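Here is a friendly walk through one protein model, for reading with the structure open beside you. Shall we start with the pocket and work outwards from there?

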Amino acid sequence: MKIDYDVAIVGGGPAGLYSSIVLQRGIPTQSTSENMKIGVFDAGPIGGLANHAFIQISKKWAFSGTNVRKSFVEEANEINIHLEENIHIEKVETSSEDRNILVLHSKNRKFTAKYVILAIGIVNNPFVLRDLKVIIGLHTPQHMLEEIEMKNMKNIILYGPYKQSLIQLKNYFEENGHLNHISINKVNREQSGNLPGIGEEEYNQFDGIVLDYNSYKVINGATQFIELEGVHYEKGFILTDEFGKTHNDRIYAAGTVSELTTGILISLSSAIITSLSVGRKLRKELISEPSGRFPWFPREDDWEESWLPYLERLGVKSNDGSIKRK
(Lines give C-alpha, C1' and ligand atoms only; values in the text may rest on other atoms or scores of the structure.)
Protein backbone atom coordinates (compact mmCIF):
# COMPACT_ATOMS: atom_id res chain seq x y z
CA MET A 1 0.00 0.00 0.00
CA LYS A 2 1.32 3.43 -0.95
CA ILE A 3 2.24 5.58 2.07
CA ASP A 4 2.11 9.34 1.55
CA TYR A 5 3.74 10.36 4.85
CA ASP A 6 5.75 8.96 7.69
CA VAL A 7 3.87 11.42 9.89
CA ALA A 8 0.80 13.49 9.04
CA ILE A 9 0.18 16.42 11.39
CA VAL A 10 -3.35 17.78 11.62
CA GLY A 11 -3.13 21.43 12.64
CA GLY A 12 -0.71 24.10 11.45
CA GLY A 13 -0.39 26.25 14.56
CA PRO A 14 2.78 26.46 16.69
CA ALA A 15 2.39 22.90 18.04
CA GLY A 16 1.90 21.38 14.59
CA LEU A 17 4.63 23.37 12.88
CA TYR A 18 7.19 22.79 15.63
CA SER A 19 6.35 19.08 15.78
CA SER A 20 7.12 18.80 12.07
CA ILE A 21 10.47 20.59 12.47
CA VAL A 22 11.58 18.51 15.47
CA LEU A 23 10.62 15.31 13.65
CA GLN A 24 12.63 16.27 10.60
CA ARG A 25 15.60 17.89 12.29
CA GLY A 26 15.79 16.64 15.86
CA ILE A 27 17.44 19.16 18.16
CA PRO A 28 17.15 22.75 16.88
CA THR A 29 20.87 23.01 16.05
CA GLN A 30 20.99 19.95 13.82
CA SER A 31 22.04 20.89 10.29
CA THR A 32 21.09 17.53 8.80
CA SER A 33 17.62 16.30 7.98
CA GLU A 34 16.10 12.89 8.62
CA ASN A 35 14.42 13.07 5.20
CA MET A 36 11.16 11.84 6.60
CA LYS A 37 7.98 12.49 4.66
CA ILE A 38 6.02 14.87 6.87
CA GLY A 39 2.82 16.69 5.97
CA VAL A 40 1.06 19.45 7.94
CA PHE A 41 -2.62 20.12 7.23
CA ASP A 42 -4.66 23.01 8.59
CA ALA A 43 -8.37 23.61 8.10
CA GLY A 44 -7.71 27.35 8.16
CA PRO A 45 -4.63 29.53 7.68
CA ILE A 46 -1.22 28.14 8.64
CA GLY A 47 -0.26 29.58 12.02
CA GLY A 48 -3.72 29.41 13.57
CA LEU A 49 -4.28 31.64 16.59
CA ALA A 50 -0.58 32.50 16.70
CA ASN A 51 -1.38 34.97 13.92
CA HIS A 52 -3.41 36.92 16.49
CA ALA A 53 -1.20 36.45 19.55
CA PHE A 54 1.57 38.31 21.33
CA ILE A 55 3.80 36.15 23.51
CA GLN A 56 5.12 37.60 26.76
CA ILE A 57 7.91 35.44 28.21
CA SER A 58 8.98 37.94 30.86
CA LYS A 59 8.87 41.70 31.40
CA LYS A 60 11.81 42.14 29.02
CA TRP A 61 11.27 39.28 26.62
CA ALA A 62 8.29 39.18 24.30
CA PHE A 63 7.58 38.62 20.62
CA SER A 64 4.79 38.55 18.08
CA GLY A 65 2.93 35.36 17.25
CA THR A 66 3.21 36.23 13.56
CA ASN A 67 7.01 36.10 13.88
CA VAL A 68 6.73 32.61 15.38
CA ARG A 69 4.59 31.48 12.46
CA LYS A 70 6.87 33.10 9.87
CA SER A 71 10.03 31.55 11.32
CA PHE A 72 8.52 28.07 11.59
CA VAL A 73 7.07 28.19 8.07
CA GLU A 74 10.42 29.29 6.61
CA GLU A 75 12.28 26.49 8.39
CA ALA A 76 9.66 23.89 7.47
CA ASN A 77 9.96 24.83 3.81
CA GLU A 78 13.78 24.65 3.99
CA ILE A 79 13.70 21.04 5.22
CA ASN A 80 11.04 19.85 2.79
CA ILE A 81 8.01 19.60 5.05
CA HIS A 82 4.78 19.63 3.08
CA LEU A 83 2.44 22.41 4.31
CA GLU A 84 -1.18 22.65 3.21
CA GLU A 85 -3.75 25.12 4.52
CA ASN A 86 -7.52 25.13 4.06
CA ILE A 87 -7.55 21.32 4.08
CA HIS A 88 -10.07 20.10 6.63
CA ILE A 89 -9.25 16.57 7.77
CA GLU A 90 -12.64 15.09 8.66
CA LYS A 91 -11.69 11.56 9.70
CA VAL A 92 -8.67 9.45 10.69
CA GLU A 93 -9.00 5.67 10.67
CA THR A 94 -6.91 2.52 10.37
CA SER A 95 -6.52 1.23 6.85
CA SER A 96 -8.53 -1.89 6.03
CA GLU A 97 -5.57 -3.12 3.94
CA ASP A 98 -2.80 -2.59 6.51
CA ARG A 99 -3.36 -2.17 10.26
CA ASN A 100 -0.07 -0.26 10.53
CA ILE A 101 -1.28 2.52 8.24
CA LEU A 102 -3.69 5.37 9.00
CA VAL A 103 -5.97 6.95 6.40
CA LEU A 104 -6.85 10.64 6.66
CA HIS A 105 -9.99 11.78 4.87
CA SER A 106 -10.69 15.31 3.69
CA LYS A 107 -13.65 16.36 1.58
CA ASN A 108 -12.22 15.33 -1.79
CA ARG A 109 -8.88 13.68 -0.94
CA LYS A 110 -7.31 10.87 1.09
CA PHE A 111 -3.85 10.68 2.62
CA THR A 112 -2.01 7.79 4.25
CA ALA A 113 0.54 7.92 7.08
CA LYS A 114 2.38 5.67 9.52
CA TYR A 115 1.58 8.04 12.40
CA VAL A 116 -0.68 11.03 12.97
CA ILE A 117 -0.12 13.92 15.37
CA LEU A 118 -3.22 15.92 16.23
CA ALA A 119 -2.43 19.57 16.88
CA ILE A 120 -5.84 21.05 16.10
CA GLY A 121 -5.88 23.53 18.98
CA ILE A 122 -9.02 24.35 20.91
CA VAL A 123 -10.95 26.68 18.60
CA ASN A 124 -13.48 24.60 16.70
CA ASN A 125 -13.82 26.93 13.74
CA PRO A 126 -10.41 28.01 12.35
CA PHE A 127 -12.20 29.12 9.18
CA VAL A 128 -13.24 32.38 10.86
CA LEU A 129 -9.71 33.60 11.57
CA ARG A 130 -9.75 35.63 8.35
CA ASP A 131 -13.23 37.09 9.03
CA LEU A 132 -12.85 40.84 9.68
CA LYS A 133 -15.97 40.83 11.85
CA VAL A 134 -14.45 38.39 14.31
CA ILE A 135 -12.36 39.57 17.26
CA ILE A 136 -10.22 36.87 18.86
CA GLY A 137 -10.62 37.48 22.59
CA LEU A 138 -7.17 36.30 23.71
CA HIS A 139 -6.61 39.10 26.20
CA THR A 140 -8.22 40.51 29.36
CA PRO A 141 -11.82 41.79 29.20
CA GLN A 142 -10.40 45.32 29.47
CA HIS A 143 -8.22 44.91 26.38
CA MET A 144 -11.01 43.16 24.52
CA LEU A 145 -13.34 46.08 25.25
CA GLU A 146 -10.69 48.55 24.10
CA GLU A 147 -10.39 46.71 20.78
CA ILE A 148 -14.19 46.60 20.34
CA GLU A 149 -14.53 50.34 20.94
CA MET A 150 -11.47 51.14 18.81
CA LYS A 151 -13.22 49.39 15.91
CA ASN A 152 -16.43 51.30 16.72
CA MET A 153 -18.48 48.14 17.18
CA LYS A 154 -21.78 48.81 18.96
CA ASN A 155 -23.69 45.54 18.49
CA ILE A 156 -21.73 42.39 19.24
CA ILE A 157 -22.12 38.64 19.73
CA LEU A 158 -20.12 36.91 22.46
CA TYR A 159 -19.29 33.47 21.13
CA GLY A 160 -17.91 30.27 22.69
CA PRO A 161 -18.79 26.85 24.18
CA TYR A 162 -18.88 27.78 27.91
CA LYS A 163 -21.90 29.89 28.82
CA GLN A 164 -20.74 31.05 32.27
CA SER A 165 -17.62 32.64 30.80
CA LEU A 166 -19.75 34.41 28.17
CA ILE A 167 -22.09 35.74 30.88
CA GLN A 168 -19.18 37.09 32.93
CA LEU A 169 -17.76 38.79 29.84
CA LYS A 170 -21.14 40.32 29.01
CA ASN A 171 -21.50 41.70 32.56
CA TYR A 172 -18.07 43.33 32.32
CA PHE A 173 -18.83 44.93 28.96
CA GLU A 174 -22.20 46.24 30.19
CA GLU A 175 -20.64 47.77 33.32
CA ASN A 176 -17.61 49.30 31.63
CA GLY A 177 -18.43 49.84 27.96
CA HIS A 178 -20.78 51.90 25.80
CA LEU A 179 -22.28 49.22 23.59
CA ASN A 180 -25.85 49.22 22.27
CA HIS A 181 -26.52 45.49 22.28
CA ILE A 182 -24.65 42.39 23.49
CA SER A 183 -25.89 38.94 22.53
CA ILE A 184 -24.61 35.59 23.84
CA ASN A 185 -24.26 32.66 21.46
CA LYS A 186 -23.12 29.43 23.08
CA VAL A 187 -21.59 27.06 20.54
CA ASN A 188 -23.55 23.87 20.06
CA ARG A 189 -20.96 21.11 19.80
CA GLU A 190 -23.14 19.15 17.38
CA GLN A 191 -23.46 22.00 14.90
CA SER A 192 -21.01 22.63 12.08
CA GLY A 193 -20.12 25.43 9.70
CA ASN A 194 -17.92 28.52 9.84
CA LEU A 195 -19.78 29.96 12.84
CA PRO A 196 -22.00 27.18 14.20
CA GLY A 197 -25.26 28.55 15.59
CA ILE A 198 -25.06 31.95 13.90
CA GLY A 199 -27.28 32.26 10.84
CA GLU A 200 -26.70 34.64 7.95
CA GLU A 201 -29.45 37.04 9.09
CA GLU A 202 -28.08 37.24 12.64
CA TYR A 203 -24.54 37.62 11.31
CA ASN A 204 -25.56 40.63 9.23
CA GLN A 205 -27.32 42.33 12.17
CA PHE A 206 -24.16 42.64 14.30
CA ASP A 207 -21.02 44.77 13.92
CA GLY A 208 -18.71 42.19 15.44
CA ILE A 209 -18.35 38.71 16.91
CA VAL A 210 -16.07 38.25 19.92
CA LEU A 211 -14.66 34.73 20.11
CA ASP A 212 -14.12 34.18 23.85
CA TYR A 213 -10.88 32.23 24.11
CA ASN A 214 -11.40 31.64 27.82
CA SER A 215 -14.62 29.82 26.98
CA TYR A 216 -12.64 27.41 24.80
CA LYS A 217 -10.09 26.91 27.56
CA VAL A 218 -12.83 25.37 29.70
CA ILE A 219 -14.57 23.29 27.04
CA ASN A 220 -12.62 22.38 23.92
CA GLY A 221 -14.69 22.59 20.76
CA ALA A 222 -12.02 21.55 18.24
CA THR A 223 -12.56 17.81 18.53
CA GLN A 224 -16.09 17.89 17.15
CA PHE A 225 -14.75 18.65 13.69
CA ILE A 226 -12.85 15.40 13.23
CA GLU A 227 -13.78 11.73 13.62
CA LEU A 228 -10.95 9.77 15.23
CA GLU A 229 -10.73 6.00 15.54
CA GLY A 230 -9.86 4.82 19.03
CA VAL A 231 -9.23 8.28 20.50
CA HIS A 232 -10.85 9.17 23.84
CA TYR A 233 -11.91 12.63 25.06
CA GLU A 234 -12.96 14.43 28.20
CA LYS A 235 -14.71 17.82 27.90
CA GLY A 236 -13.50 17.79 24.32
CA PHE A 237 -9.82 17.49 25.27
CA ILE A 238 -7.95 14.49 23.84
CA LEU A 239 -6.63 12.12 26.50
CA THR A 240 -2.98 11.08 26.13
CA ASP A 241 -0.21 9.59 28.19
CA GLU A 242 2.81 11.66 29.27
CA PHE A 243 4.35 11.32 25.81
CA GLY A 244 1.40 12.43 23.75
CA LYS A 245 0.09 9.00 22.77
CA THR A 246 -3.69 8.56 22.65
CA HIS A 247 -5.56 5.30 23.16
CA ASN A 248 -4.74 4.59 19.51
CA ASP A 249 -1.05 3.62 19.39
CA ARG A 250 -0.51 5.39 16.06
CA ILE A 251 -2.29 8.63 16.90
CA TYR A 252 -0.63 11.25 19.10
CA ALA A 253 -1.76 14.70 20.22
CA ALA A 254 0.17 17.89 20.98
CA GLY A 255 -0.62 21.41 22.08
CA THR A 256 -3.81 22.82 23.50
CA VAL A 257 -6.08 20.09 22.15
CA SER A 258 -4.58 17.82 24.82
CA GLU A 259 -3.16 20.28 27.38
CA LEU A 260 -5.50 21.82 29.94
CA THR A 261 -3.22 24.84 30.26
CA THR A 262 -2.90 26.76 27.03
CA GLY A 263 -0.56 29.10 25.21
CA ILE A 264 2.26 28.99 22.70
CA LEU A 265 4.92 28.02 25.26
CA ILE A 266 2.85 25.07 26.47
CA SER A 267 2.23 24.07 22.86
CA LEU A 268 5.92 24.11 22.00
CA SER A 269 6.83 22.05 25.06
CA SER A 270 4.12 19.52 24.24
CA ALA A 271 5.27 19.44 20.60
CA ILE A 272 8.84 18.55 21.62
CA ILE A 273 7.74 15.62 23.77
CA THR A 274 5.20 14.30 21.29
CA SER A 275 7.32 14.63 18.15
CA LEU A 276 10.36 13.02 19.79
CA SER A 277 8.12 10.18 20.96
CA VAL A 278 6.91 9.60 17.41
CA GLY A 279 10.39 10.12 15.99
CA ARG A 280 11.73 7.42 18.30
CA LYS A 281 9.16 5.01 16.87
CA LEU A 282 10.35 5.74 13.35
CA ARG A 283 14.09 5.98 14.07
CA LYS A 284 14.49 4.04 17.30
CA GLU A 285 18.25 3.50 16.85
CA LEU A 286 18.86 7.25 17.13
CA ILE A 287 17.75 7.37 20.76
CA SER A 288 21.20 6.10 21.82
CA GLU A 289 23.50 7.45 19.15
CA PRO A 290 26.50 9.56 20.34
CA SER A 291 25.54 12.72 18.44
CA GLY A 292 22.41 13.08 20.54
CA ARG A 293 19.74 13.27 17.85
CA PHE A 294 17.15 13.12 20.66
CA PRO A 295 19.14 14.48 23.62
CA TRP A 296 16.06 15.14 25.76
CA PHE A 297 15.29 11.45 26.04
CA PRO A 298 17.47 9.01 28.01
CA ARG A 299 19.89 7.01 25.89
CA GLU A 300 18.84 3.51 26.88
CA ASP A 301 19.39 0.15 25.21
CA ASP A 302 15.80 -0.77 25.86
CA TRP A 303 13.84 2.42 26.42
CA GLU A 304 10.44 0.81 26.74
CA GLU A 305 11.55 -1.61 29.42
CA SER A 306 13.31 1.05 31.44
CA TRP A 307 10.49 3.57 31.43
CA LEU A 308 7.23 1.63 31.33
CA PRO A 309 7.50 0.51 34.97
CA TYR A 310 8.06 4.13 35.90
CA LEU A 311 4.90 5.16 34.04
CA GLU A 312 2.95 2.41 35.77
CA ARG A 313 4.10 3.61 39.20
CA LEU A 314 2.90 7.11 38.31
CA GLY A 315 -0.46 5.70 37.34
CA VAL A 316 -0.10 6.88 33.76
CA LYS A 317 -0.35 3.35 32.40
CA SER A 318 -1.86 0.19 33.78
CA ASN A 319 -0.17 -3.18 33.49
CA ASP A 320 -2.09 -3.97 30.31
CA GLY A 321 -0.73 -0.80 28.66
CA SER A 322 -3.98 1.16 28.67
CA ILE A 323 -3.84 4.87 29.50
CA LYS A 324 -5.26 5.78 32.88
CA ARG A 325 -4.94 9.55 33.03
CA LYS A 326 -3.51 12.61 31.29
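## The largest pocket

The largest pocket of this predicted model holds about 840 Å³ of space. Its lining is made up of 47 residues, and those closest to the centre are Leu49, Ala50, Gly121, Tyr213 and Thr256. Sorted by class, the lining has 29 nonpolar, 16 polar and two charged residues.

Which elements give two or more residues to this lining? They are helix H1, strand S2 (38-42), strand S3 (54-58), helix H6 (213-218) and helix H7 (264-282). The largest share, four residues, comes from H7.

## H1 and H7

Two of the helices that line the pocket, H1 and H7, also pack against each other. Their axes come within 8 Å and cross at roughly 35 degrees, and the crossing is right-handed.

To find the contact on your screen, pick out Pro14, Ala15, Tyr18, Ser19, Val22 and Leu23 on the H1 side. Across from them, H7 brings Ile264, Ser267, Leu268, Ala271, Ile272, Ser275, Leu276, Val278 and Gly279. By class, this contact has 11 nonpolar, four polar and no charged residues.

## H1 and H2

H1 (residues 14-25) has another helix to meet: H2 (residues 65-78), with the two axes 10 Å apart at an angle of about 35 degrees. Here the crossing is left-handed. H1 makes the contact through Pro14, Leu17, Tyr18, Ile21 and Arg25, while H2 uses Phe72, Val73, Glu75 and Ala76. The contact residues divide into seven nonpolar, no polar and two charged.

Pro14 and Tyr18 are worth highlighting, as each is listed both in the contact with H2 and in the contact with H7.

## The S3-S4 hairpin

Strand S3, already met in the pocket lining, forms a hairpin with S4, with two residues between them. The two strands run antiparallel and are joined by four bridges, with S4 spanning residues 61-64. Where can you look for one of the pairings? Phe54 has Ser64 in S4 as its bridge partner.

## The parallel sheet

Further along the chain is an open sheet of four strands in the order S9-S12-S10-S11, with parallel pairing. Why do S9 (134-137) and S11 (181-186) each have one side without a neighbour in the sheet? Both stand at the edges with a single partner strand, so one side of each is left free of a neighbour there. From one strand to the next, the twist averages 25 degrees.

S10 (residues 155-160) and S11 run parallel and are joined by six bridges. Within this pair, Ile157 stands opposite Ser183 in S11.

## Helices on the sheet

Helix H3 (residues 141-150) packs on the sheet and touches S9, S10 and S12 (208-212). The direction of H3 makes about 165 degrees with that of S9.

Helix H4 (residues 163-176) packs on the sheet as well, touching S10, S11 and S12. The direction of H4 makes about 170 degrees with that of S11. As you turn the model, S10 and S12 are good strands to follow, since H3 touches both and H4 touches both too.

How values were computed
Residues numbered from 1 in each chain as written. Predicted model: local features only at pLDDT ≥ 70, side-chain atom pairs only at ≥ 80, totals over all residues. Heavy atoms only, no water. Axes fitted to C-alpha atoms, helices over the stretch in contact; angles between N-to-C directions. Left-handed = near helix turned anticlockwise from the far one by under 90°. Contact = heavy atoms within 4.5 Å. Nonpolar A, V, L, I, M, F, W, Y, C, P; charged D, E, K, R; others polar. Pairing = 2+ DSSP bridges. 1 Å grid on protein atoms, 1.4 Å probe; cavity = no way out; pocket = protein on both sides within 12 Å on 5 of 7 lines; lining within 4 Å. Points joined across faces, edges and corners; volume = space filled by probe spheres on them.
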